[in-house]
Amino acid sequence: MGVRASGERSIGAESIGVAISGDNARVVVLPAQAVHWAHTVRAPAKAGFLPESVSGVFVGRERELTELREMLTGQGSAAVVQPQQPVSRARAIHGLGGVGKSTLALHYADRYRGEYGLVWWIAAESPESIVTSLAAITTRLCPQWAQTVGTDERAAWAITWLQAHPDWLLIFDNVEDPAHLRPYLGTLDGGHHLATSRKATGWHAIAPAIPLGLLPTGEATDLLCAIAFPGQTFTGAQREAARRLAEDLGCLPLALEQAGAYAYRTGTDLDTYRHSLGLVLDEDRDVNDPERTIARIWDQTLTAITARDPLAVTLLHTMAWLAPDDIPRAFLAPLAPDSLALGNALGELHAYNMIAFTDDRQGVSVHRLVQTVLRTRTPTESDPDIYAPGRAEAEQAVREALPTPLNDSLPEPVALWNQLLPHVLALAESTPPGTPASADSIGTYYQAIDYLYRQGRNAHAIPLGTAALTQCEQLLGDTHHNTLTIRHNLALAHREAGDLGRAITLLEANVAQSEQILGNTHPNTLIGRNQLASTYREAGDLGRAIPLFEATFAQSEQTLSNTHPNTLTIRNNLASAYQEAGDLGRAIPLFEATVAHSEQIHGNTHPNTLIRRNNLASAYQEAGDLGRAIPLLEATVAHSEQTLGNTHPNTLTIRNNLASAYQEAGDLGRAIPLFEANVAHSEQIHGNTHPNTLIRRNNLASAYQEAGDLGRAIPLFEANVAHSEQILGNTHPNTLIRRNNLASAYQEAGDLGRAIPLFEAAVAHSEQILGNTHPNTLTIRNNLATARQQAEAVQHGSTATSATKTAPQKPPTAD
């Protein structure tokens, strides 16, 4: 199936040593020696990583363990999820933890560890954390090389190693979005994948799922007794008290562990403890609400901990606002007077089962349900503009851990940022209403945003940008230049993530305020207006894009000069909008002027000059002037290969367009080999499912079809439609184009039984997404009508015309 990667920073890889991030922002090419090591390095016996020991109490779940083993040995993947239907006498734990999914996975890994060559635990809350966990495999198996490269390279090596060595187990813990696992399940098939998730839906196309409900009453009683009376022979009365308490706690494993730990630690009788919780004989009791159940337990536990060590409670409230896993002790150190006090406080929390330590005891994890409850507790003060307990301390801990501002002479502290980012994101996403705005918090978010931008991951900064904008508006006002900058960057992040509606709303507000504060012709206003026009164009709204480009271009020429780099960018984008509107009479002169100025300012082989020359050639081609288009594309390809290299993305784009021009000129003998080489290079560099690879493969299939080679065209179209549906979605405009082209190929092959339903689905989706009168909708609808006429003609023994393919696709090349 080739490389598949989807979602933020997910990595797909091939054994040739190429890895692609899910947002297509990162391309990782491993050196040949590293690929060799990935194929030859062997894992030590029983190698692996589990987050904690399995020496604790574990009762029940034998049926689930057996079912897991059967599923994995039979199919290679499984998921443990929250049930959607009631289990036993209790309701399902809707979207919350505490039911024991991770514990079940941990004990499965321990029980069957000898069956695997490598067992590895992966924190899977986000694609970011998955990549970081995969990278740790390389650190373990190839430490000398791992020390010399970044996280993405280590993750790519780990995937290459997993592809080359069978019999491993990967445990993806706490998966927030099942789709994040697609690239790994699709790329790695030599071992077993086991996932845990609070999400009950979305698994049907990913892996078989085991809905894990609450413990049966008998097993819940056993668990409570084992924790409250360790190593003791308990009486029948004690067991009956444990049964009553277990039922009142809803048989929720986390609640049972907390209650048992409290009873053991304090020597409290279980009935006395039960009465103190106020759970007895309450017909309206809310024991099936895990937040309230746990909160009632903690009212007792936190009181006991506070009496022994108040710092422990402060630390627990602080950790509630951070990411739940791998909180470094170093983050918490500034909150304690010394390391001894820090160790004692964490020890108290561990004794009461409030936290868990990593194997090296340098990191701490907090259960997500613990965090949920602590975050929702309201402060005791009446003033709403105060910090929730632990919130200020969490912000301070992260702020003090930030790297110093980047010095160009120093390498990017990637390892530190990988450790920090989950906690900065947790702060941003969990900000409670009424939290006081803070310049320090804005600075923290903006520093993280700047790092993500430098890493080419602007779309991942949306939660940080949203939090920074909210605080900036509150602290500095709606029109402060810092507010305008943050709002502009947040809009671009939304656009990069494909949310054009939000991007337009933010950019419109920003442009209006920039015009009001800075003036109509300020460079920042012009930049914002150009980005707004570009977003209109991307959304297909040329009626608003073109006038805005025109006004912005005129003001840029007047204010910045005819040859200013910003003016060239706006002129190029205006010309592209004219071309898209079919106005080549205005597009071509603008492209020509832009190329001339770009050659004058940047030079003949500058990447911007090459892009603009490519755009000019495409306009010549669209105007039917192949005599000028082809020589210009040939020269531009040669310059791009010489300057950027044979496989640079820009080189591939320009070469694709040259092949399309050859095809349009009827020279399939030159077009097809060029398309084939381009597809091979694109798969090697971008991966099998990158949007540009899909465009190039579509064009190759169209060339095969035009050459009459349907035997090669149809399988390519079919694969392309499948990949496009997977990566872009069922109703993306490019998916509709490819579905139309596949249907046209079926029709040409005489297979109307497959062509007509495909045309019908494409028409319905196109009308829904693009509208009734969009050119693509009209083309597909016309093709459907033609196919139906052909089907009728076949029935009556006459003939009908064939379908029309949409034009060859070209990757976007606007500045």
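Begin by colouring the chain by pLDDT, the predictor's confidence in each residue from 0 to 100: the average over the chain is 81, and 83% of the residues score at least 70. This is a predicted model, in which local features need pLDDT of at least 70 and side-chain atom pairs count only at pLDDT 80 or more, while totals for chains, interfaces and linings use all residues. Residues are numbered from 1 along each chain as its sequence is written, and side-chain values use heavy atoms, with hydrogens and water left out.

Next, select residues 82–97, where pLDDT stays under 50 and for which the model has 41 contacts beyond four places in sequence, a contact being heavy atoms within 4.5 Å. Then select residues 279–288, another stretch with pLDDT below 50, which has 20 contacts in the model beyond near neighbours in sequence.

Now show the whole chain as a cartoon, in which there are 35 helices and 12 strands; these are DSSP runs numbered from the N terminus, helices being H or I with at least four residues and strands E with at least two. Of the 815 residues of the chain, 53% count as buried, where buried means under 20% relative accessible area, exposed means over 50%, and partly exposed lies in between (1.4 Å probe, protein chains only).

For the interior, select Leu 315, Met 319, Leu 346, Leu 349 and Ile 355, the residues with the most contacts inside the largest nonpolar core, which has 151 residues. Such a core is a set of buried Ala, Val, Leu, Ile, Met, Phe, Trp, Tyr and Cys residues joined through side-chain atoms within 4.5 Å. Add helix α34, residues 752–769, which gives the most to this core, with 7 residues. Then centre on Leu 315, which, leaving aside its neighbours within four places in sequence, is in contact with Leu 332, Leu 335, Leu 342, Ala 345, Leu 346 and Leu 349. A second, separate core of 34 residues can be found by selecting Ala 47, Trp 120, Ile 137 and Tyr 184, which are among its members.

Finish with two loop residues. Asp 326 lies in the loop between α13 (310–319) and β10 (327–328), and has a positive phi of about 55° although it is not a glycine; at 44% relative accessibility, Asp 326 counts as partly exposed. Arg 361, found in the loop between β11 (355–357) and β12 (363–366), is also a residue other than glycine with a positive phi, near 60°, and with a relative accessible area of 43% Arg 361 is partly exposed.
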